[in-house]
Amino acid sequence: MDYVLEAADRNLLTPYVYPASWPEGGALRQVLSLLLLTNLGAELLYLGFASLSFYYVFDHRLMKHPLFLENQVQREIKLGVTSIFWMSFPTVAFFFAEIRGHSKLYDNISDSSSGWPLVILSIGGFLFFTDMVIYWLHRILHHKSVYKYLHKQHHIFKVPTPFASHAFHPVDGFLQSLPYHIYPFLFPLHKVVYLVLFVFVNVWTISIHDGDFRIPWPLIEVINGAAHHVDHHLYFYFNYGQYFTLWDRLGGSYRHSSALLGKGPLDHVRKLSAAGKLRR
């Protein structure tokens with residue numbers, strides 16, 4: 001995040017926002033700046049990409065499904081925007097530690113003896129690590145002792161839209177984001193790669209709620225996309241994974257996508273429409 005902070009300081013915060021008496025390297029100023037940038041960036045990322053997905057990818061016929069709630073889109077957006085705001089506070093603690101040099105993030109590929117191979121390996125390591133940890137965190141959040149307090153807010157949306165992607169209880173959302181923040185404190189990662197992956201995980205989270213159930217056939221059994229994730233919303237105990245189906249298979253919670261078998265929520269809408277029972 002130091003790249004983002006330096007650019008914001010250079011082009012906006014130093015010349016137009018902060019008094020000259022506040023040095024750029026001051027801890028309080030950095031925390032306040034990170035809160036501003038994290039909130040602004042995350043909200044724009046969420047609303048921008050979710051809006052594009054909703055209007056250009058999401059199949060609006062799904063809104064006629066019997067389980068689609070009244071005013072659901074507005075409820076998803078309200079919860080998502082609120083959650084991102086509250087999540088930003090603990091998130092900034094990690095970003096502050098990063099810019100203070102306490103992580104294993106590095107600037108130059110030449111700083112590493114492994115060079116580009118380490119960059120490529122770190123991307124795979126990030127995806128593997130975060131997918132694994134999120135899987136187990138997700139299962140824990142479904143345990144009856146905590147579910148109704150945290151994760152239930154997300155699961156009221158049985159047939160989600162892209163705006164449901166960030167519609168969590170703030171504690172739930174932050175817990176599921178922890179693996180992303182922990183990884184660069186455990187393993188080396190290039191700073192630009194980290195920023196790209198930060199955007200990627202947010203866009204991916206939107207994509208698995210976008211109602212587009214198409215998956216390239218060689219990847220059907222590997223990728224945990226929207227077709228698999230909607231079954232998680234509908235059937236609760238299956239498909240906890242974030243990117244891949246690996247941990248669901250190992251954990252006994254894998255369910256082949258009902259949408260890919262012609263039994264998904266859009267198929268149900270089509271049947272109701274054919275029978276003249278579709279709500280208007």
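Which residue forms a salt bridge with Asp231? In this predicted model, the partner is Arg255, and the closest N and O atoms of the pair lie 3.6 Å apart. The contact joins distant parts of the chain, with Asp231 in helix 8 (residues 226–235) and Arg255 in the loop between helix 9 (246–251) and helix 10 (265–274), 24 residues apart. The two side chains differ in their surroundings: Asp231 has a relative accessible area of 0% and therefore counts as buried, whereas Arg255, at 27%, is partly exposed.

This pair belongs to a set of seven salt bridges in the structure. Another of them is formed by Lys191 and Asp2, whose closest N and O atoms are 2.6 Å apart. Here, too, distant parts of the chain are linked, since Lys191 sits in helix 7 (residues 191–207) and Asp2 in helix 1 (residues 2–17), with their positions 189 residues apart. Both Lys191 and Asp2 are buried.

Lys191 also forms a salt bridge with Asp107, and for this pair the closest N and O atoms are 3.2 Å apart. Asp107 lies in the loop between strand 1 (105–106) and helix 4 (116–141), 84 residues from Lys191 in helix 7. The relative accessible area of Lys191 is 12%, so this residue is buried, as the cut-off is under 20%. Asp107, in contrast, is partly exposed, with a value of 31%. Taken together, Asp2, Asp107 and Lys191 make up a network of salt bridges.

Technical notes. Residues are numbered from 1 along each chain as its sequence is written. This is a predicted model: local features need pLDDT of at least 70, side-chain atom pairs count only at pLDDT 80 or more; totals for chains, interfaces and linings use all residues. Side-chain values use heavy atoms; hydrogens and water are left out. A salt bridge is a side-chain nitrogen of Lys or Arg within 4 Å of a carboxyl oxygen of Asp or Glu. Helices (H or I, at least four residues) and strands (E, at least two) are DSSP runs, numbered from the N terminus. Buried means under 20% relative accessible area, exposed over 50%, partly exposed in between (1.4 Å probe, protein chains only).
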